[in-house]
Amino acid sequence: MDAIIIEGLKVDTVIGCFNWERQIIQPLMLDLTIHNDLSQAARSDELEDTLNYAQICEIAAQVIQDAKPKLIEHAAQLVLKVLFNTFPSIDSISITIRKPAIIAQANAVGIRLDRNRNDFCARAGE
């Protein structure tokens, strides 16, 4: 299956559950694998036949910055929702969000959510 891959998208935002975290800006690192049919773009060489990577990055960062979530799990859910709603051709998305340097003994902690459009839309409606 075709995929658009975005690795290491840095999003500076308010994130965290503790009072001190709500007072500072912290970096998150996002990796996205977006499954979408890329055959038309491969043939045409035209931007309108694919998903605009810059737009995806801008949307993902903005939704997290606006929400100022407590949990990275929730941040991931917000990104999934907006990308599925904005781009109807997306079949599935794998999103990894890492919070670097928050645990002294680890380079980063993080989560990964894998969702396909049908499962996600069914879950979102619950």
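Begin by selecting Asp45 in this predicted model. Asp45 counts as exposed because its relative accessibility is 70%, above the 50% cut-off for that class. To place the residue, display helix H1 (39–44) and helix H2 (53–67); Asp45 lies in the loop between them. Then inspect the backbone: although Asp45 is not a glycine, its phi is positive, at about 65°.

Next, follow H2 to the loop that lies between H2 and helix H3 (72–86), and select Lys68 there. Lys68 is another residue that is not a glycine yet has a positive phi, here about 45°. Is Lys68 exposed or partly exposed? With a relative accessible area of 41%, Lys68 is partly exposed, because that class covers values between 20% and 50%.

Now turn to the interior. Select Leu30 and Leu83, the residues with the most contacts inside the largest nonpolar core, which has 34 residues. To see which elements give two or more residues to this core, colour strand E1 (3–13), strand E2 (26–35), H2, H3, strand E3 (92–100) and strand E4 (108–116). Which of them should be examined for the largest share of the core? That share comes from H3, with 8 residues.

Finally, centre the view on Leu30 and show its surroundings, leaving aside residues up to four places away in sequence. Leu30 touches Ile6, Glu7, Gly8, Leu9 and Val11. Further contacts of Leu30 are Ala60 and Ile64, then Val79, and lastly Ile95, Thr96 and Ile97.

Notes: Residues are numbered from 1 along each chain as its sequence is written. This is a predicted model: local features need pLDDT of at least 70, side-chain atom pairs count only at pLDDT 80 or more; totals for chains, interfaces and linings use all residues. Side-chain values use heavy atoms; hydrogens and water are left out. Helices (H or I, at least four residues) and strands (E, at least two) are DSSP runs, numbered from the N terminus. Buried means under 20% relative accessible area, exposed over 50%, partly exposed in between (1.4 Å probe, protein chains only). A nonpolar core is a set of buried Ala, Val, Leu, Ile, Met, Phe, Trp, Tyr and Cys residues joined through side-chain atoms within 4.5 Å. Contact means heavy atoms within 4.5 Å.
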